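Here's a walk through one protein chain, from single residues up to the whole fold. Have the model open and follow along.

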Amino acid sequence: MGNIIIATLFFLAGCSSQPEFTLDYDASYNFAGLETYRWYDDVYPSQLADYRQYNASDKRVRFFVDRELQKKSFKEVATGKADFLINYHIAKEERVKIDNFARYPSAGMHGGVGVGTYGTAVSVGYSSGPSVKTYKEGTVVLDVIDSASGNVVWRNIVEGRLPKSLSSNEKDAMAAKLSKEMMLDFPPG
């Protein structure tokens, strides 16, 4: 997946419609004890982690999520065991929207007759058929993983329609906004 696609996916704000957020967490987990974190990719190398480290999108994701965590007094550690790990996943999917105006199932001539108090009317119309539009929808999943157990203890998912294109400055602005919104309720309570 190219740099631009990943960046666009992560920064869903700028969508035609407002992005939808879905937050879930383990209510029995003690979030109060968390102080330090590391990025999952730095602890568990993988082919995806290798790919991410060389693209600007990963740097952008990390920069803005790190900034939000540090505002909340969490400290990133470069080595050793941290209290929790941060991981993210980005996906996009092409969607199709079909608007079937006036419920005409197909293109062509359509007509109707109406009878009422004031007389009878005949109407004839033409339908070009349903309107079909394709667009891209993106999903970002941000996980907090307990280092000791390896369990996901907090997850925020955002989904929304992707913009056609964004400049580098727009990507940064959207990344800042989306990171802030995604991390708003972390830690819970």
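## A buried acid and its partner

Asp143 is buried, with a relative accessible area of 9%; the scale here is that buried means under 20% relative accessible area, exposed over 50%, and partly exposed in between, using a 1.4 Å probe and protein chains only. Before going further, a word on the ground rules: this is a predicted model, where local features need pLDDT of at least 70 and side-chain atom pairs count only at pLDDT 80 or more, while totals for chains, interfaces and linings use all residues. Residues are numbered from 1 along each chain as its sequence is written, and side-chain values use heavy atoms, with hydrogens and water left out.

Back to Asp143, which forms a salt bridge with Arg155. Asp143 lies in strand E7 and Arg155 in strand E8, so the pair ties together parts that are 12 residues apart in sequence. Helices (H or I, at least four residues) and strands (E, at least two) are DSSP runs, numbered from the N terminus. Arg155 is partly exposed, at 33% relative accessibility.

## The salt bridges

The chain has 4 salt bridges, the rule being a side-chain nitrogen of Lys or Arg within 4 Å of a carboxyl oxygen of Asp or Glu. Among them are these:

| Pair | Closest N to O distance |
|---|---|
| Asp42 and Arg62 | 2.9 Å |
| Lys71 and Glu68 | 3.3 Å |
| Asp143 and Arg155 | 2.6 Å |

The Asp42 and Arg62 pair links distant parts of the chain, with Asp42 in helix H2 (residues 40-43) and Arg62 in helix H4, 20 residues apart. Asp42 is partly exposed at 40% relative accessibility, whereas Arg62 is buried at 16%.

Lys71 and Glu68 both sit in helix H4, 3 residues apart, so about one helical turn separates them. Lys71 is exposed at 53% relative accessibility, while Glu68 is buried at 5%. What does Glu68 touch beyond its sequence neighbours? Leaving out residues up to four places away in sequence, Glu68 touches Ser179, Lys180 and Met183, where contact means heavy atoms within 4.5 Å.

## Helix H5 and the core

Two of those partners turn up again in H5: Ser179 and Met183 are among the residues buried there, along with others including Lys171, Met174 and Leu178. The 16 residues of helix H5 (residues 168-183) should span 22 Å at 1.5 Å a residue, and the end C-alpha atoms are indeed 22 Å apart. That expected span is 1.5 Å times one less than the number of residues.

Now for the greasy part. In soluble globular proteins, nonpolar side chains tend to be buried together. A nonpolar core here is a set of buried Ala, Val, Leu, Ile, Met, Phe, Trp, Tyr and Cys residues joined through side-chain atoms within 4.5 Å. The largest one has 23 residues, and Val65, Leu69, Phe84, Ile86, Leu142 and Phe186 touch the most other members. Strand E2 (36-39), helix H4 (56-71), strand E4 (84-99), strand E7 (131-146), E8 and H5 each supply at least two residues of this core. E4 gives the largest share, 4 residues.

Phe186 has plenty of company: not counting residues up to four places away in sequence, Phe186 touches Phe31, Leu34, Leu69, Lys72, Phe74, Phe84, Val144 and Trp154.

## Rings

Phe186 also belongs to a cluster linked by ring pairs, together with Tyr25, Tyr29, Phe31, Tyr37, Phe74, Phe84 and Trp154. Rings of Phe, Tyr and Trp (its six-membered ring) pair if their centres lie within 6.5 Å; planes under 30 degrees apart count as stacked, over 60 as edge-to-face and the rest as tilted.

The whole structure holds 11 aromatic pairs. One of them, Trp39 and Tyr88, is edge-to-face, with 6.2 Å centre to centre and 85° between the planes. This pair links distant parts of the chain, Trp39 in strand E2 and Tyr88 in strand E4, 49 residues apart. Trp39 is buried at 2% relative accessibility, and Tyr88 is buried at 4%. Tyr40 and Tyr44 have ring centres 4.9 Å apart and planes at 35°, so that pair is tilted. Tyr40 is partly exposed at 29% relative accessibility, and Tyr44 is partly exposed at 43%.

## The chain as a whole

Zooming out, the chain has 5 helices and 8 strands, in the order α-β-β-α-α-α-β-β-β-β-β-β-α. Of its 189 residues, 38% count as buried. Among contacts between residues at least 6 apart in sequence, 77% join residues at least 24 apart.
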